[in-house]
Amino acid sequence: MKRLTVSTALLTSLALGLAPALAACSGERPVAPSDGAAATAGASPVRGGRLVYGLGADAAGFNPVTDQFAAVSYSMAGTIIETLVGVTASGGWKPVLAESLTPSRNADEWTVKVRPGIAFSTGEPLDGKTVMANLEAQKASPLTSSVFTPVGSFELVDPMTVKVKLTGPWVAFPYHLASQIGMVVPPSSLADPEAASRRPVGTGPFVFKEYTPGSRMVVARNPSYWRKGLPYLDEVEFRVLPDTQTRAQTLEAGGIDAMGTTRDDDIVKFGALKDAYTVKRASGMSVPEYMFMLNTAAPPFDDLRLRRALAHATDRAAVIATLRGGLTEEADGPWSKDSGWYAPGGDYPAYDLEKAKALVGQVEAEKGQVSFEVITPPDPNTMQGIELAQDMWRKAGVEVRIRQVDQADLVNRAVTGDFQATVWTQFSSADPDGEYVWMHQNYARPVGSVALNFSRLKDLRLSQALDTGRSNPQDDVRKQAYATVQQRLRELVPYVFVDHLSTGAVIARTGVGGIGEHLLPDGDRGVPLTGAPIPYHPFSQVWVGGR
């Protein structure tokens, strides 16, 4: 097959957590205690001070129009650049930089009114013209243009109001403005994207101070921040510590005040030390799913029997006990039971080795010996999960080869269909519509072509349900539509789901308050932790108390 080179930036338009990497450690572990009770609970926020926060990677840049954003990007850039919309703890959306978002009768137009009296840290005013320029730049960007496929045009209604004209109804449109495509930068940043990538500017609670690539970023309080009384901190230093053990050891030694992690070891260890640390774990729609993604458009997984055989041969409970210390829940679809969108039932293949063997036998009788290759990044923790699955699948009579490739090559292969199976982590959008392009048949392309529907599954019922969920404003109709999505995924098995990766957590010393407890401008509680596999959160209402 002729290989295509695809920028990984193309893939970050709707969701975080696409990168197929996670922390998984072997060995028996005790059951983790419940999240530590914060010593700062009930205490009043303290103004001033400095927070040192450990991140597992550096950002690819800080320009939301041109740079690939991951969870670490939102952590750093999100202190400076704000979004038009925020997501509530109950799963709804509320305006942030927008004062209001109003749909037309059938939601094929959205009127965005900009909140007055806000300026960027450069002194440039936030107005409708600037918001429209940002949206136009996002629509034109190769990085994020796929999100705006349903957008026809923009119209400046008055100095503070922008009308977004769509090609059809889109009831969940505001949720997308809570992500990278809804981040607003000043005209000067749009005019100089390279400078914006290195020195971000926004309306947010902090301003850029310094940055050393691969090492650290420091932001300082914005004295002119439009939300009075915020932020509490004087400074935040983000320290890049890629090794998970080193990050945990640095927290123990007092070198950092808080960190993100996916390791169950960290959750168990620090969770038991309730007087010294707090542990905040991701939940609901913020939790991604760990799975094996199958290429349904190429042999051998163009045969549904073999896809179902692989699922029957996968002992999800054994994976969770071996690699997660029993901390996660089995997954049979893209949404967990506590998400509000979960629909029980369906036909997902339960662990049954005899059924797996029988299905493999049927395929072999027609096509000969069954074998395939699974690709994975060269990460020791990820390899443990791959090798465990390999052993399970071999017991069902399938010959499995493992090929290690670097992450950029793995993503390229997924986009162009140059794979049979791969380990994958995905599906943490705030609303199910955020998964539209990854599942809809309109985004499936022939092998060798660029496609955002990586499994290349084409199913009319699944796609019609996604269309209904996107276009119908009635909650009960949307829930039924996404129940159909789950049913079809369970029947057709483009993904061998394993578990909901709820080990994504933020661990902090007890002197740190406000993590995951922020309020939106109207006083509603914001979603505590967002993103995957390591979650992020706002910093405007984080504070540091007694040491």
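## Helix α6 and its surroundings

In this predicted model, helix α6 runs over residues 244-252, and its buried residues are T244, R247, A248, T250 and L251. These residues lie on the same side of α6, because the arc that they cover around the axis is only 160 degrees. A general property of helices helps in reading such a pattern: an α-helix has 3.6 residues a turn, so residues three or four places apart point the same way. The elements that cover the buried residues of α6 include the strands β1 (50-55), β11 (258-261), β12 (277-281) and β19 (505-509), together with the helix α7 (264-271).

Both ends of α6 can be described a little further. At the N-terminal end, D243 acts as a cap, with a side-chain oxygen that lies 3.2 Å from the backbone nitrogen of Q245. Just after the helix comes G254, which takes a positive phi of about 85 degrees.

## A cavity inside the model

How many cavities of 30 Å³ or more does a search of the whole structure find? The search finds 2 of them, and the second largest has a volume of about 40 Å³. The lining of this second largest cavity is formed by Y290, F292, V319, L323, G385, A389 and V498.

At least two residues of that lining are supplied by each of three elements, namely β13 (289-294), α9 (316-323) and α11 (380-395). When the lining residues of the second largest cavity are sorted by character, 6 are nonpolar and 1 is polar, while no charged residue is found there.

## A451, a buried loop residue

A451 belongs to the loop between α13 (436-439) and α14 (460-471). Is A451 buried or exposed? Its relative accessibility is 2%, and A451 therefore counts as buried, since the cut-off for a buried residue is under 20%.

If the neighbours within four places in sequence are left aside, A451 is in contact with V415, Y443, A444, R445 and R456. Another pair of values sets A451 against F69: the two residues are 382 residues apart in sequence, and their C-alpha atoms are 20 Å apart in space.

## Two cis peptide bonds

Most residues other than glycine have a negative phi, and most peptide bonds are trans. Against that background, the peptide bond from L230 to P231 can be picked out, because this bond is cis, with omega near 0 degrees. P231 has its place in the loop between β9 (216-221) and β10 (235-240).

A cis peptide bond also joins P299 and P300, and here omega is about 5 degrees. P300 is found in the loop between β13 and α8 (304-313), and β13 is one of the elements that supply residues to the lining of the second largest cavity.

## Positive phi outside glycine

Where in the chain does A107 have its place? A107 sits in the loop between β4 (98-103) and β5 (109-114), and its phi is near 65 degrees, which is a positive value in a residue other than glycine. With a relative accessibility of 5%, A107 counts as buried.

F427 is not a glycine either, although its phi is positive, at about 75 degrees. This residue lies in the loop between β17 (421-426) and α13. At 1% relative accessibility, F427 counts as buried.

Note on methods: Residues are numbered from 1 along each chain as its sequence is written. This is a predicted model: local features need pLDDT of at least 70, side-chain atom pairs count only at pLDDT 80 or more; totals for chains, interfaces and linings use all residues. Side-chain values use heavy atoms; hydrogens and water are left out. Buried means under 20% relative accessible area, exposed over 50%, partly exposed in between (1.4 Å probe, protein chains only). Helices (H or I, at least four residues) and strands (E, at least two) are DSSP runs, numbered from the N terminus. The arc is that of the directions from the helix axis to the C-beta atoms. Contact means heavy atoms within 4.5 Å. A polar contact is a pair of N or O atoms within 3.5 Å; within protein, one must be able to donate a hydrogen and the other to accept it, and residues adjacent in sequence count only if both atoms are side-chain atoms. On a 1 Å grid over the protein atoms alone, a cavity is a set of points where a 1.4 Å probe fits but cannot get out, and a pocket is an open set with protein on both sides within 12 Å along at least five of seven lines; lining residues have an atom within 4 Å of a point. Grid points are joined across faces, edges and corners, and a volume is the space filled by probe spheres set on the points. Ala, Val, Leu, Ile, Met, Phe, Trp, Tyr, Cys and Pro count as nonpolar, Asp, Glu, Lys and Arg as charged, and the others, Gly among them, as polar.
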